[in-house]
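Open the model in your viewer and keep the sequence panel beside it. Each stop below gives a selection and then what is there.

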Amino acid sequence: MFRPFFQTVRHFRELQEGALAITTAAIARTGAIAAPVELSFYDRAAESAWRLTWQGVEHPSGSGGWHWPDLVTNRWRRPEAFRLAIWSGSTLCGLAIGHPSRTRPVGRRHTISVNFMEGAPFPHPLRGSIALLTVTFAITYGRLLGTSRIRLVEPLPGVIETYRTMGFEVVYKGGRPLYCERRI
């Protein structure tokens with residue numbers, strides 16, 4: 001079915017808003033995270049917080065450190081792609097970007113991918129919870145789209161064990177982790 005572009009953008013925005021609300025409620029209901037959590041879209045407030053507190057600060061892991069404004073504006077413009085900001089109060093604690101696979105001829109998408117995920121490069125109230133929050137959001141959004149798998153693209157070797165405890169299996173190519181994947 002053909003839709004004008006603005007309707008497509010609105011459709012995916014509404015699905016993502018639903019996923020944000022469902023994920024936030026689920027996290028609050030479980031009580032798994034003690035600090036306040038707010039999930040939102042990467043917007044001007046998130047970009048401003050990134051510029052003021054993250055930009056130019058080396059991540060303690062030695063990885064990450066992406067220039068998020070460039071990632072958001074240049075690489076992830078498809079309407080179905082998500083751009084997630086994770087907050088605790090006024091502190092920007094995490095960012096993530098991903099997208100669902102293209103629709104198959106049978107009318108279904110098979111995978112939701114998280115391509116970039118990063119916690120703030122300084123101590124913050126959600127330290128150790130960014131992956132959980134991102135994966136929970138991506139699974140929720142993926143379910144709304146009808147996907148059956150979630151994929152974490154090019155995981156860092158130091159966090160693979162964490163992803164395994166979350167039920168992910170690692171796929172290697174040339175001895176390097178290509179992605180972690182699990183059914184949803």
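Two strands count as paired if DSSP finds at least two bridges between them. Helices (H or I, at least four residues) and strands (E, at least two) are DSSP runs, numbered from the N terminus. This is a predicted model: local features need pLDDT of at least 70, side-chain atom pairs count only at pLDDT 80 or more, and totals for chains, interfaces and linings use all residues. Residues are numbered from 1 along each chain as its sequence is written, and side-chain values use heavy atoms, with hydrogens and water left out.

**Stop 1: the sheet**

Show the strands as cartoon. Seven of them form an open sheet with mixed pairing, in the order β1-β2-β3-β4-β5-β7-β6. Look at the edges: β1 and β6 each have a single partner strand, so one side of each lacks a neighbour in the sheet. On average, neighbouring strands are turned by 30° against each other, direction ignored. Axes here are lines fitted to C-alpha atoms, for helices over the stretch in contact, and angles run from 0 to 180 degrees between N-to-C directions.

**Stop 2: the β1 edge**

Select β1 and β2. They pair in the antiparallel sense over four bridges. S40 stands opposite A85 in β2. Now add α1, which lies across β1 and β2 and runs at about 170° to β1. Then add α4, which packs on the sheet and touches β2, β3, β4, β5 and β7. The direction of α4 makes about 155° with that of β4.

**Stop 3: β4, α4 and β5**

Select residues 111-119 for β4 and 149-153 for β5. These strands run parallel, joined by four bridges. T111 has R149 of β5 as its bridge partner. Include α4, residues 130-145, and the three elements make a right-handed β-α-β unit. Right-handed means that, with the strands pointing away from the viewer, the path from the first strand over the helix to the second runs clockwise.

In the loop between β4 and α4, pick H124. Is H124 buried or exposed? At 10% relative accessibility, H124 counts as buried. The cut-offs are under 20% relative accessible area for buried and over 50% for exposed, with partly exposed in between (1.4 Å probe, protein chains only). Not counting residues up to four places away in sequence, H124 touches T91, C93, G119 and I130. Contact means heavy atoms within 4.5 Å.

**Stop 4: the cores**

A nonpolar core is a set of buried Ala, Val, Leu, Ile, Met, Phe, Trp, Tyr and Cys residues joined through side-chain atoms within 4.5 Å. Which members of the largest core touch the most other members? They are F82 and Y141, in a core of 35 residues. Helix α4 gives the most to this core, with nine residues.

Centre on F82. Leaving aside neighbours within four places in sequence, its contacts include Q16, I97, I112, V114, F137 and Y141. A second, separate core has 15 residues, among them W50, L92, I97 and A120.

**Stop 5: β5, β7 and β6**

Select residues 176-183 for β7. Five bridges join β7 to β5, and the two run antiparallel. R183 of β7 is the bridge partner of R149, while I150 stands opposite R182. On to β6, residues 169-173: this strand is also antiparallel to β7, again with five bridges. K173 is partnered by R176. The β6-β7 hairpin has two residues between the strands, and G174 takes a positive phi near 65° there.

**Stop 6: the salt bridges**

The whole structure holds six salt bridges, each a side-chain nitrogen of Lys or Arg within 4 Å of a carboxyl oxygen of Asp or Glu.

- Select E47 and R51: their closest N and O atoms are 3.0 Å apart. The two are four residues apart in helix α2, so about one helical turn separates them.
- Select E80 and R78: this pair meets at 2.9 Å, N to O. E80 is buried at 8% relative accessibility, whereas R78 is partly exposed at 24%.
- Select E181 and R149: the closest N and O atoms are 3.9 Å apart. The pair links β7 to β5, 32 residues apart in the chain. E181 counts as buried at 16% relative accessibility, and R149 is partly exposed at 23%.

Finish by adding R151: R149, R151 and E181 are linked in a network of salt bridges.
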